[in-house]
Structure formats: structure tokens, C-alpha cells
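Visitor: I have a model open here and would like some help reading it. Could we go through it together, one piece at a time?

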Amino acid sequence: MRRFDLPGRSPVTAENGIAATSHPLGTATAIAVLREGGSAVDAAIAASVTLSVVEPQMTGIGGDCFALIAQADGQVHGMNGSGRAAAGADLGWYLDNGFADIPDLSAHSITVPGAVKAWEVMHSRFGKVPFERLFADAIRLAEHGYAVAPRVAFDWIRQVETLRRDEGASKHLLVQGDAPVFGDRVSCAALAGTLRRIAVEGSSAFYQGAVAAEIAATVQAKGGFLTEADLAAVEADWVAPIATSYGGHQVLEIPPNGQGVVALIMMNLMTLMNTGDLPHDSAERYHLEIEAGRIAYGVRDAMVGDPAHMTISCEELTSMAFAKSLMGQIDRSKRNPSVELPKLPASNTVYLTVADRDGMAVSIINSVYGSFGSQIMTPDSGVLLQNRGACFVVADGHPNAIGPSKRPMHTIIPAMAVKDGKPSVSFGVMGGAYQPMGHAHVFSNMVDHGMDPQAALDHGRVFWADDGVLNVEAGVSAEVLRGLEERGHKVQAAETPLGGGQAIAIDHERGFFIAGSDPRKDGHAAGY
């Protein structure tokens, strides 16, 4: 239990339904849909659509999503709603034209948006209310406006200069050439119109016809290869989750092309090192998590991509035997300087989780990747296009090399834990590359250190920067900083928060939910 004489907030408890999202309006939408008889899937999709309007720097209908859906009997279904590169995106062309990587803010970084298709497929299987209802709140907010939240304003102002370069982005995302500030009321009539068409006609209104034609034309006008045929060929795939055991739970992640496998490798290493036995605020704990992370992320950079192009299976990567083969690189007493620094793709993401009275829990994450994605927006339909293709590498023979109709390695990952045959914790952490580290740290906080979801999310975070120096949040003690420096780490104060996150724990014995939402964003949890 937290100290009530210190700043903080309590977790939310409820019996009938609960939701935790990165924005109060997203949570309000989810709870409203649950009260109307919708399933957790309905509520999660509806909240995702609302967040596409009120957190445009993080997510949108021009982005991707992944989800884990747990049923009361313990079955967990994975959804891969990530889009593919254009059929015309040939590695040889990029090599011949001198590309060392895929530029973040370029038409070449735009992949087919997969979220809208994934929402439709999930609703067709698990939805209870009409598909059109899931868009109602978002359409109203886009049409009539909403007040900009603090974290949204914090992010928005940092992108003004680059947003001005694009006709659509400047038209729809700036007010007289500048970013809105906290409390300003903004709207986007063009986006409202597109959402209304999708709500009534289904995903075909997005992937075919006028909207698709404008997306393809916008990308091609800026040198990209995306076509109407690429959009029409979109797929959203049901996938079998991958898993490992940690702290008496089975922890599940989405398989590649996502980086969830990294979190599972980390947890296996943490199990082998017995990190759960260490004090939760000890330098040794942070040191060992960082070292496990650097090694696991190195595996990601070398081996993870579109599963059709990987040379090692997820079963091998998530095995304890594989983790044992990595253990020789970890020194409990000091940083290993020989471990190559992993790449740090940045990501702007919304994660949310919902659980309903029928025992269903949903862990879902949506993103346009960079802040405002590619920062390329269709002028007429108001679709902000993601830049997930920037995650591709330009290297012959690499599993994550850009290629025709290929899915890039993804940073966004939802998580779910199951215990005794029932869903026990639905959780996720935002923050691009930080996400696997966040999954391991937050879940350990709950199962190893007895923290409730809110305390587990609030707990101070540490993660390396591009130069290898550790970014340390203000919540981490000076004693831990000294201990990390003594172990060979360079440390600095984090300039921005490390990710975000939401979590719901399910207490089956006592019959209620416990939720937390991350203060690093405009997080909000509620139940009834």
C-alpha cells in the first residue's frame, strides 16, 4: 500500500468492467461502451479510435496495431494488425540509390496502415455492439473539437517545424502555423468525415475508393512506392502468442515481426539471475536488468524481423537453453563493455487495456511510430500516415531488410499474463525501444515485489540512450545512481519520461479488477 502522505495516486478497483488508457477521453469511451453492453474488445477498439483523434502525435487510422485477447477460460488470441511495405519497395533500388537507412520523415517510410483492418476483424469475432458505435465518440470529437491535454501539448510543440513542411499536416495539425497549447480546442473535420465513412461502410471505405486513392497519390507525389493495390491487399492476421514462465505466471507476447520476444528473453535471463530476490530499489537489480536488456536487444537487432525471413524460430529464442547461452556475457559486478549497443528506434504509441464482467481482457497497442508518424497527411481525407518503414534496415541478407510487401520489425508490443488457466494481468508499456525493458521491469514489480499496477507503473525507470549513457528518471534514488556508476555505467538525468503504460490485474479469488495508468502521459483508469 502506498504512503498517503506522499504525492501519488491509488489504483482503481472495479467489479463489472474496467479500462486504463493514456487519455481520459479514451477511458471514458471504453467505459461507456462497456456500460452499453459492449465486450472488452468493443471497448478497446472504441477507445483506440477516440485516441486516434485526441492523441494524433501517437496514433491514428494511418497506423498499425497489435492485440492480445484473453477469454475467461484462459485462451489467448493474438492479432497482428501491422501493415506491409509497398510491393514496389525493392532492396536493390535502395542500395543502388545510396540509402544507408530509411529516412524517418520520408514517403519511403510509409507502410500500409493496418489498424483499421485489425479493428474490423477483431470486432467481427468478438464484438457485441454495432461497428458504427465504436466510432461515435471519435467522430464527435473530431467534428466538434476537444481540449488538448497536457502531454499531448508537450509533444505537439516539439514538431512544429517539420509539420510545416507538409501541406496536409500544416493544414490539419497546425493552427495558423503553430501548435495548439494545453487547453486549446482543436478539431479535424476531414478526419471526422473519413471516420464516418469507415463506421458506416467498414474498412473497405478506407482501403479502397477515394481515401485509398488519395493516400497512394500523396505518397507517390513524394517519391514513395505505395499504390492503391497495396492498400487493397491489407491483411490482419490471427497469430499464436509466444510465451515464457516468470514468477508463477505464463507471460505472453505477440510473435515477430514485433519485439515481444525481447521481453521474454529478458525475463528468462532475469529468472536465471534470480533478480526477483533483490531489493526493488537496488543498484544491483537495475544493473542486471540493463545488462540483460542490452544482450536481448542485441538478439533483436541481429535476428528479428518478418517471420518469413527469420533464420531462427521463436521457440528457440524463448527457450531457457538459449538464455543460458547468453549468460556468459553478464557480469553481476560490472557493465560488460564488449556488448554492442543496440539500436534505439523511437516510437510514439498508445497502449490501453480493458476487462469486462464476462472474463474477457484485452491488451492492445496502436501507433503511427514517430511523433505524428511520417508527418505526411492527406489534405482531403485527413489521414496521418505512419512511418513504420523506418524500422527496416538497408542491408542485404538481414531478416529485417526492406523488401516488397514485407512487414518491418515492430517496436509496439502488448502483453498478457495467465495463471492457473485464467488471465491474471493485462499490461503494456509505451516508449518505442523501451517497451521490452518496460514489460520486464513493470511485471517484475508486480510479481516479485508485490506492487499493485499503479505502483508498478509509477516506479522509477532506467534505460540507455543512443550513446550508451543511462537515462535515469527522477524517481530513482541517488544511492542507485552511485551504485550504477560503481558498476561502470555512465548516468544522466532523463530529459523526458521513459515511456508510459497501463495495467490491469485480475483478482479471481475476490472477484474484482485492479488497474493503474501511467502518470508519464495523461493516463487515466476507471471502472464501474
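Guide: Let us begin with one pairing in this predicted model: Phe66 has Asn80, a residue of strand 4, as its bridge partner.

Visitor: And which residue in strand 4 is the bridge partner of Leu68?

Guide: The partner of Leu68 is Gly78. Both pairings fit into the wider contact between strand 3, residues 64-70, and strand 4, residues 76-81, which run antiparallel and are joined by six bridges.

Visitor: What sits between the strands in that hairpin?

Guide: Five residues lie between strand 3 and strand 4, and in this hairpin Gly74 takes a positive phi near 95 degrees.

Visitor: What does strand 4 pair with besides that?

Guide: Strand 4 also pairs with strand 7, again in the antiparallel sense, over three bridges. Gly78 stands opposite Val239 of strand 7 there, and Gly78 is also the bridge partner of Leu68.

Visitor: How many strands does the open sheet have, and in what order?

Guide: The open sheet has seven strands, in the order 7-4-3-11-10-2-21, with antiparallel pairing. Its edges are strand 7 (237-239) and strand 21 (524-527), each of which pairs on one side only. On average, neighbouring strands of this sheet are turned by 15 degrees against each other, if direction is ignored.

Visitor: Back to strand 4: are its residues buried or exposed?

Guide: Strand 4 is mostly covered, with six of its six residues buried. Val76, Gly78 and Asn80 point one way, while His77, Met79 and Gly81 point the other way, and all of them are buried.

Visitor: Which helix lies across it?

Guide: That is helix 4, residues 115-126, which lies across strand 3, strand 4, strand 7 and strand 11 (361-369), and which runs at about 20 degrees to strand 3.

Visitor: Does that helix hold any charged pairs, and where would I look?

Guide: Look at Glu120 and Lys117, which form a salt bridge whose closest N and O atoms are 3.8 Å apart. They are three residues apart in helix 4, so about one helical turn separates them. Glu120 counts as partly exposed because its relative accessibility is 23%, and Lys117 is likewise partly exposed at 23%.

Visitor: How many salt bridges are there in the whole structure?

Guide: A search of the whole structure finds 22. One of them joins the side chains of Arg164 and Asp178, at 2.8 Å from N to O. This pair links distant parts of the chain, 14 residues apart, with Arg164 in the loop between helix 7 (160-163) and helix 8 (167-173), and Asp178 in the loop between helix 8 and strand 6 (185-186). Arg164 is partly exposed, with a relative accessible area of 45%, and Asp178 is partly exposed at 39%.

Visitor: Changing topic, which residues touch the most other members of the largest nonpolar core?

Guide: In that core of 94 residues, they are Trp119, Met122, Phe135 and Trp156. Helix 2, residues 40-54, gives the most to this core, namely 11 residues. There is also a second, separate core of 58 residues, which includes Ala292, Met310, Val462 and Phe463.

Visitor: What is Trp156 in contact with?

Guide: If its neighbours within four places in sequence are left aside, the contacts of Trp156 include Pro56, Tyr146, Val148, Leu163 and Phe372. Leu173, Leu174, Ala179, Pro180 and Val186 are also among the residues in contact with Trp156.

Definitions and conventions: Residues numbered from 1 in each chain as written. Predicted model: local features only at pLDDT ≥ 70, side-chain atom pairs only at ≥ 80, totals over all residues. Heavy atoms only, no water. Pairing = 2+ DSSP bridges. Helix = DSSP H or I, 4+ residues; strand = E, 2+ residues; numbered from the N terminus. Axes fitted to C-alpha atoms, helices over the stretch in contact; angles between N-to-C directions. Contact = heavy atoms within 4.5 Å. Buried < 20%, exposed > 50% of the residue type's maximum accessible area, 1.4 Å probe, protein only. Core = buried A, V, L, I, M, F, W, Y, C linked by side-chain atoms within 4.5 Å. Salt bridge = Lys/Arg side-chain N within 4 Å of Asp/Glu carboxyl O.
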